[in-house]
Each structure stands twice: as structure tokens, then as C-alpha cells.
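Hi,

Here is the structure I promised to pass on. Have a look at it first, and then read on for what turned up.

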Amino acid sequence: MLPRGTNELPAEYLQYWNLAEQSGYSGTLILAKKEPRSVQYGLGIDQLDCEGRLIALEYDSFCIVNVYVPNSQSSDERLDY
């Protein structure tokens, strides 16, 4: 946990960022203390991946997936998305 009022991470954390192409729109981040075997950014679908909504880290005994699910809006316009 970061001390209140600071944006600096301790040096021992590895940072895996997946930012949206549109600045300030969406994105995901995983902080890890151990190097994963592999890292995956996105699903391989350009229409979805441009929003930076998925990061997956694979370790020897587990995987961790960070997904930022789109808001369906009040009219459900993005529900299928």
C-alpha cells in the first residue's frame, strides 16, 4: 500500500501498464514483486485492445488477469461490446 498523498512506488515493484489510446479514458495496471513467465496485453481484438482493458501475467503455479469491463451505459448501448 502506498502512503497517502504519494504517487511513487517502491523500487521493488514491477509495473505492467496497458493504457487506452485515448488519454484518460481507460486502462489497466498490475504491480508485481516477481517477474512472470509471460505477459499478455489485450485479447488480440483491435477494436477492444485499443482501450487497454486487459493484462494477464502467467506464473509457474497461477495466472492473474486484470480486466476493466466496459460500463453498459444507461441505455445498454455497450452491453454487447
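To start with a small puzzle: is K34 buried or exposed? Keep in mind that this is a predicted model. K34 is exposed, with a relative accessible area of 63%. You'll find K34 in the loop between β2 and β3, the latter covering residues 38-41. Setting aside neighbours within four places in sequence, K34 is in contact with L14 and Y59. K34 and L14 are 20 residues apart along the chain, yet their C-alpha atoms are separated by 7.4 Å.

Now for the overall layout. The protein has one helix and five strands, and from the N terminus on the order is β-β-β-α-β-β. It has 81 residues, of which 22% count as buried. If you take the contacts between residues at least 6 apart in sequence, 39% of them join residues at least 24 apart.

The last two elements in that order are strands, and they go together. β4 (residues 54-58) and β5 (residues 63-67) form an antiparallel pair over five bridges. Four residues lie between β4 and β5 in this hairpin. If you want a spot to orient yourself, look for A56, which stands opposite V65 in β5.

Next, the inside. In soluble globular proteins, nonpolar side chains tend to be buried together. Here the largest nonpolar core is made of six residues, namely Y16, I30, A32, I55, L57 and Y59. Two elements, β2 and β4, each give two or more residues to this core. L57 is a good one to click on: apart from neighbours within four places in sequence, L57 is in contact with Y16, I30, A32, P36, S38, V39, F62, C63 and I64. Among those contacts, Y16, I30 and A32 are also members of the core.

Y59 deserves a second look, too. The structure holds one aromatic pair. This pair is Y59 with F62, and it counts as stacked because the ring centres are 4.8 Å apart and the planes are at 15°, where under 30 degrees is needed. The two partners differ in how far they are covered: Y59 is buried, at 13% relative accessible area, whereas F62 is partly exposed, at 45%.

The other place I'd zoom in on is around S26. Which residues does S26 touch, leaving aside its neighbours within four places in sequence? They are L19, A20, E51, R53 and Y68. S26 is in the loop between β1 (14-19) and β2 (27-32). With 13% relative accessibility, S26 falls under the 20% limit and so counts as buried. Its side chain reaches the backbone oxygen of E51 at 2.5 Å.

E51 itself is in the loop between α1 (46-49) and β4. E51 is buried as well, at 9% relative accessibility. The side chains of E51 and R53 are joined by a polar contact of 2.5 Å. From there you can carry on to Y68: the charged end of R53 sits over the ring of Y68, 4.7 Å from the ring centre. That gives you a path to follow on screen, from S26 to E51, on to R53 and then to Y68.

Enjoy looking around, and write back if anything is unclear.

Cheers

Note on methods:
Residues numbered from 1 in each chain as written. Predicted model: local features only at pLDDT ≥ 70, side-chain atom pairs only at ≥ 80, totals over all residues. Heavy atoms only, no water. Pairing = 2+ DSSP bridges. Buried < 20%, exposed > 50% of the residue type's maximum accessible area, 1.4 Å probe, protein only. Polar contact = N/O pair within 3.5 Å; in protein donor to acceptor, adjacent residues only side chain to side chain. Contact = heavy atoms within 4.5 Å. Core = buried A, V, L, I, M, F, W, Y, C linked by side-chain atoms within 4.5 Å. Phe/Tyr/Trp six-rings, centres within 6.5 Å; stacked < 30°, edge-to-face > 60°. Lys NZ or Arg CZ within 6 Å of the ring centre and 35° of its normal.
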